[in-house]
Amino acid sequence: KTSDEVSFSSLPADKGFAVKVNKADAGKSMVIIYNKDNAVVFKDLLTKDASAEKGYIVSNLENGDYTVEVVSAKKTVAKQLHVYDEGQKKSYIFINE
C-alpha cells in the first residue's frame, strides 16, 4: 500500500462510531473531535500498528455539530458529526459535505 486508508462504521445500538485506519507503514495515528468553535473536545492516539481500530461513544458529547478528524502519516480525513437526542438516548449522524 502506498497510502493510508481511513474508514468509519457504527457501533452496536448506534451508541457511537468506530474508526479504522490501515496504514501503509506502522506509525502514530490520532482521532480528534472539534466542536463548532474549532476547540478540541477530545483527542485520542491509536495504536502504532499498521492496522488500528477503536470505537467512540457519543453519549458524553453535548447535542450539536462536531468535526471528527483522523490523522495518520499519509492521510487526514475529516467528517462532520451531528449529535442529538433520540428519545431517552443520544444518537448521531455523519453529515456529508
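**Exercise 1.** In this predicted model, determine whether Asp25 is buried, partly exposed or exposed, and find the side chain that meets Asp25 in a salt bridge.

*Solution.* The relative accessibility of Asp25 is 47%, and since partly exposed covers the range between 20% and 50%, Asp25 counts as partly exposed. The side chain of Asp25 meets that of Lys74 in a salt bridge, with 3.1 Å from N to O. This pair links distant parts of the chain, as Lys74 lies in the loop between β6 and β7 while Asp25 lies in the loop between β2 (16-22) and β3, 49 residues apart. Lys74, at 43% relative accessibility, likewise counts as partly exposed.

**Exercise 2.** A search of the whole structure finds 2 salt bridges; identify the partner of Lys54 and assign both residues to their strands.

*Solution.* Lys54 forms a salt bridge with Asp44, and their closest N and O atoms are 2.9 Å apart. Lys54 belongs to strand β5 (residues 51-57) and Asp44 to strand β4 (residues 40-46), 10 residues apart. With 34% relative accessibility Lys54 counts as partly exposed, whereas Asp44, at 14%, counts as buried.

**Exercise 3.** Describe the surroundings of strand β6 (residues 64-72) and the strands with which β6 pairs.

*Solution.* Of the 9 residues of β6, 7 are buried, so the strand is largely enclosed by the rest of the structure. Strand β3 runs antiparallel to β6 and is joined to it by 7 bridges, with Met30 having Val71 as its bridge partner. Strand β7 (residues 75-86) also pairs with β6 in the antiparallel sense, over 9 bridges, and these two strands form a hairpin with 2 residues between them.

Definitions and conventions:
Residues are numbered from 1 along each chain as its sequence is written. This is a predicted model: local features need pLDDT of at least 70, side-chain atom pairs count only at pLDDT 80 or more; totals for chains, interfaces and linings use all residues. Side-chain values use heavy atoms; hydrogens and water are left out. Buried means under 20% relative accessible area, exposed over 50%, partly exposed in between (1.4 Å probe, protein chains only). Helices (H or I, at least four residues) and strands (E, at least two) are DSSP runs, numbered from the N terminus. Two strands pair if DSSP finds at least two bridges between them. A salt bridge is a side-chain nitrogen of Lys or Arg within 4 Å of a carboxyl oxygen of Asp or Glu.
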